[in-house]
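Welcome to a short tour of a protein model. Take a moment to turn it around on your screen, and then we will walk through its sheets, some of its helices and its ligand.

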Amino acid sequence: MKYFDHAASTPPHQDVVQTIAEVMERHYGNPSSLHRAGEDSAKLLRRAREVCAQALSVQPGEIVFTSGATESNNLAVKGAAFQYIKRGKHIVTTTVEHPSVYEACRHLELLGFEVTYVPVQADGRAAADQVLQSVRKDTVLVSVMHVNNETGSIQPVEDIGRRLKAEHPRVLFHVDGVQGFGKVPLALSESGIDLYSLSAHKIRGPKGTGLLYVHSGVKLFPQLSGGGQEGGMRSGTENVPSLVGMAKAFRLAKDASEANVRNWRLLQSWIVDEISGIPGLVLNSSAEAAVSAPHIIHFSYPGMKPEVLLHCLEDEGMAVSTKSACSSKISEPSRILLAMGKDRETASSGIRISLGDEHTMDDAKELIHALKAAVQRLNGLKGGMK
Ligand code: PMP
């Protein structure tokens, strides 16, 4: 099986697997325990924090370890909303956020918060001007993702962050960085970003492991009460093996980033060109570096259930995705594509191809060959049904 679903999850790096196995076997002490086994685990955790901080060019004390980006996003959005409730009850976000931000905002609305969902343009990007114009006196948080998980569109988060801090220094800025890390450069410290979520399994690390960067001085109302680990922001015994594995994965991803991006851009631009020539398919993403992340290609096959094409491709040994993995079991049109102004047919038939470290031009050629054959077959069926 050729795997083209790296935006959903990546095959763990062999070094990461080995590290996790070693730590699990040898370093089982609770990092909060005072004996040597505990201190041993605490030391590994400290080192993992340093490596993660280095990968982001931030301070180790600004890293909060979590169980993944769903938790990081919930902690950022709800934690900021509850902590700074006296400042106001208004949040600004976009219509295309991942459900872990979008639904967190919806839940806050049920509790009396007001949320402005800034719309996006046809290319899936929100205008920085519109985000800034939505900020009010009672706004406590602006949350905008870096790269969209469905279409790969890049949001102008650096522009938003810099202007937000210049115009409204007290308003916190959260960025869901999951699909951007190692793919699209982002100067975290210079972009006015207070909170930044990452997940390990998108960069060849373990699942169920992530972090939240919390800019020094920013406080968050904890979502989990307990023993006060992670500076009191995230109680619970730390998952030491996975966190050490995540640190390794971040370092490897950062080191490989330049070569990966160069390769992905070549493959992406070729794949996009090919898809634009296949009758019946409609591209929803571009290969333009300023607008689209290098690892995602998204298209629709209007009039055909995306699962049909997905399974046809699977029969040919190619794994792709319908919508994003988190929403692929929901048989409704994509909220993201509708927000981009696509009609219901186009929004109901999206397919995502996402690239990984191992892909070569030969893999891309095999994929396109399979796609052309599948679409030709299905176009014939569509014609026959008329
Ligand atoms: N944000 C984005 C943009 C994502 O793509 C994902 C993963 N689908 C998440 C958040 C959630 O990450 P996790 O799987 O670690 O909970």
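This is a predicted model, and a good place to begin is an open sheet of 7 strands. Reading across it, the strand order is β2-β8-β7-β6-β5-β3-β4, and the pairing is mixed. At the edges you will find β2 (63-66) and β4 (114-118), each of which pairs on one side only. From one strand to the next, the twist averages 20°.

Within this sheet, look at β7 (residues 195-199) and β8 (residues 210-214), which pair in the antiparallel sense over 5 bridges. One residue to pick out is Leu195, whose bridge partner in β8 is Val214. Helix α2 (residues 36-56) packs on the sheet and touches β2, β7 and β8. The direction of α2 makes about 115° with that of β2. Another helix, α4 (residues 99-110), lies across β3 (90-94), β4, β5 (139-143) and β6 (172-176). Helix α4 runs at about 145° to β4.

Next comes the ligand. There are 15 residues around the ligand, and Thr70, Asp176, Gln179, Ser199 and Lys202 come nearest. This shell divides into 4 nonpolar, 9 polar and 2 charged residues. Which helix gives the most to the shell? That is α3 (residues 69-83), with 3 residues. The table lists some polar contacts with the ligand.

| Residue | Protein atom | Ligand atom | Distance |
|---|---|---|---|
| Ala69 | backbone N or O | oxygen | 2.9 Å |
| His98 | side-chain N or O | nitrogen | 3.4 Å |
| Lys202 | side-chain N or O | nitrogen | 2.8 Å |

On its own, the ligand has 400 Å² of accessible area, and the protein covers 89% of it.

Finally, visit another open sheet, in which 4 strands follow the order β9-β10-β13-β12 with antiparallel pairing. Here β9 (282-283) and β12 (321-322) stand at the edges with a single partner strand each, so one side of each has no neighbour in the sheet. Strands β10 (residues 296-300) and β13 (residues 350-354) pair in the antiparallel sense over 5 bridges. Along this pair, Ile296 stands opposite Ser354 in β13. Helix α7 (residues 240-276) packs on this sheet and touches β9, β10 and β13. The direction of α7 makes about 10° with that of β10.

Note on methods
Residues numbered from 1 in each chain as written. Predicted model: local features only at pLDDT ≥ 70, side-chain atom pairs only at ≥ 80, totals over all residues. Heavy atoms only, no water. Pairing = 2+ DSSP bridges. Helix = DSSP H or I, 4+ residues; strand = E, 2+ residues; numbered from the N terminus. Axes fitted to C-alpha atoms, helices over the stretch in contact; angles between N-to-C directions. Contact = heavy atoms within 4.5 Å. Near = heavy atom within 4 Å. Polar contact = N/O pair within 3.5 Å; in protein donor to acceptor, adjacent residues only side chain to side chain. Areas by Shrake-Rupley, 256 points an atom, 1.4 Å probe, with all protein chains shown as cover. Nonpolar A, V, L, I, M, F, W, Y, C, P; charged D, E, K, R; others polar.
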